Amino acid sequence: MSRIHIPESLRRLVTERANGRCEYCLLHQDDTPFTHPIDHVVALKHGGLTIAENLALACLECNLNKGTDLATFDPLTGELDRLYHPRQQSWEEHFALEGVRIVGLTMYGRATVRLLQFNTPARLAERELLRDNSRYPG
Ligand SMILES: [Zn+2]
């Protein structure tokens, strides 16, 4: 989560690069009441910079759940693992959709599914509705 000013040109680049979708849970910003915030993948307090290579489009819920965190415990192994990095890793390699449920395929994926709380009942219900209207993959 970031309260720093991000230049409009950079904000536009990040949004267009992501095709308007949250780069974590794939929710499109046209399907939410809010414009998706810009996420510092590595938060400023950890030395992350406000540059295109460190920014990702994240829906409000993913952004709030992630906060400035970089890692959490893998629910499978109990190991402390880094979160998925949308600039350096590919979504398909670390996540898969089972219906509208997002599952983590790797330690990065599992850690991110857990911390960002991808599969709460409310988020699953929202995705189901969107999928039924061809607004969400799965
Ligand atoms: Zn999201």
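**R123 and its surroundings in a predicted model**

Q: Is R123 buried or exposed in this predicted model?
A: The structure is a predicted model, and in it R123 has a relative accessible area of 4%. Since the cut-off for a buried residue is under 20% relative accessible area, R123 counts as buried.

Q: With which residue does R123 form a salt bridge?
A: The closest N and O atoms of the pair are 3.9 Å apart, which fits the cut-off of within 4 Å for a salt bridge. While R123 is buried, the other residue of the pair is partly exposed, with a relative accessible area of 37%. The residue that forms this salt bridge with R123 is E61.

Q: How many residues apart in sequence are the parts that R123 and E61 tie together?
A: R123 belongs to helix 5, which covers residues 121-132, whereas E61 belongs to helix 2. The pair therefore ties together parts whose separation in sequence is 62 residues.

Q: Which residue meets D39 in a salt bridge?
A: The two side chains come to 3.1 Å, N to O. D39 lies in strand 1 (residues 38-40) and the other residue of the pair in helix 2, so the salt bridge ties together parts that are 27 residues apart in sequence. Both residues of this pair are buried, and the one that meets D39 is K66.

Q: Which residue of the salt bridge between R131 and D132 counts as exposed?
A: In this pair the closest N and O atoms are 3.6 Å apart. R131 has a relative accessible area of 27% and is therefore partly exposed. The other residue reaches 55% relative accessibility, so the residue that counts as exposed is D132.

Q: Which residues form a nonpolar patch on the surface?
A: One residue of the patch, L60, lies in helix 2 (residues 60-66) and counts as partly exposed at 34% relative accessibility. Together the residues of the patch have about 280 Å² of accessible area, and they are F34, L60 and L64.

Q: Which residues of helix 4 are buried?
A: Helix 4 covers residues 107-115, and its buried residues pack against several elements, including helix 2, helix 3 (91-94), strand 3 (71-73) and strand 6 (101-104). Just after this helix, Q117 takes a positive phi of about 55°. The buried residues of helix 4 are G109, R110, A111, T112, V113 and L115.

Q: In what order do the elements of the protein chain run from the N terminus on?
A: The protein chain has five helices and six strands. Written with α for a helix and β for a strand, the order from the N terminus on is α-β-β-α-β-β-α-β-β-α-α.

Q: What radius of gyration does the protein chain have?
A: Along the principal axes, the C-alpha atoms of the protein chain fill a box of roughly 35 × 35 × 20 Å. For a compact globule of 138 residues a radius of gyration near 14 Å would be expected, and the protein chain agrees with this, having 14 Å.

Q: What part of the accessible area of the protein chain do carbon and sulfur atoms supply?
A: Of the 138 residues, 45% count as buried, and residues 24 or more positions apart account for 57% of the contacts with a separation of 6 or more. The protein chain exposes about 7,300 Å², and the part of it that carbon and sulfur atoms supply is 53%.

Terms used
Residues numbered from 1 in each chain as written. Predicted model: local features only at pLDDT ≥ 70, side-chain atom pairs only at ≥ 80, totals over all residues. Heavy atoms only, no water. Patch = residues over 30% accessible without salt bridge, like charges linked within 9 Å, V, L, I, M, F, W, Y side chains within 5 Å. Areas by Shrake-Rupley, 256 points an atom, 1.4 Å probe, with all protein chains shown as cover. Helix = DSSP H or I, 4+ residues; strand = E, 2+ residues; numbered from the N terminus. Buried < 20%, exposed > 50% of the residue type's maximum accessible area, 1.4 Å probe, protein only. Contact = heavy atoms within 4.5 Å. Rg over C-alpha atoms; globule rule 2.2 N^0.38 Å.
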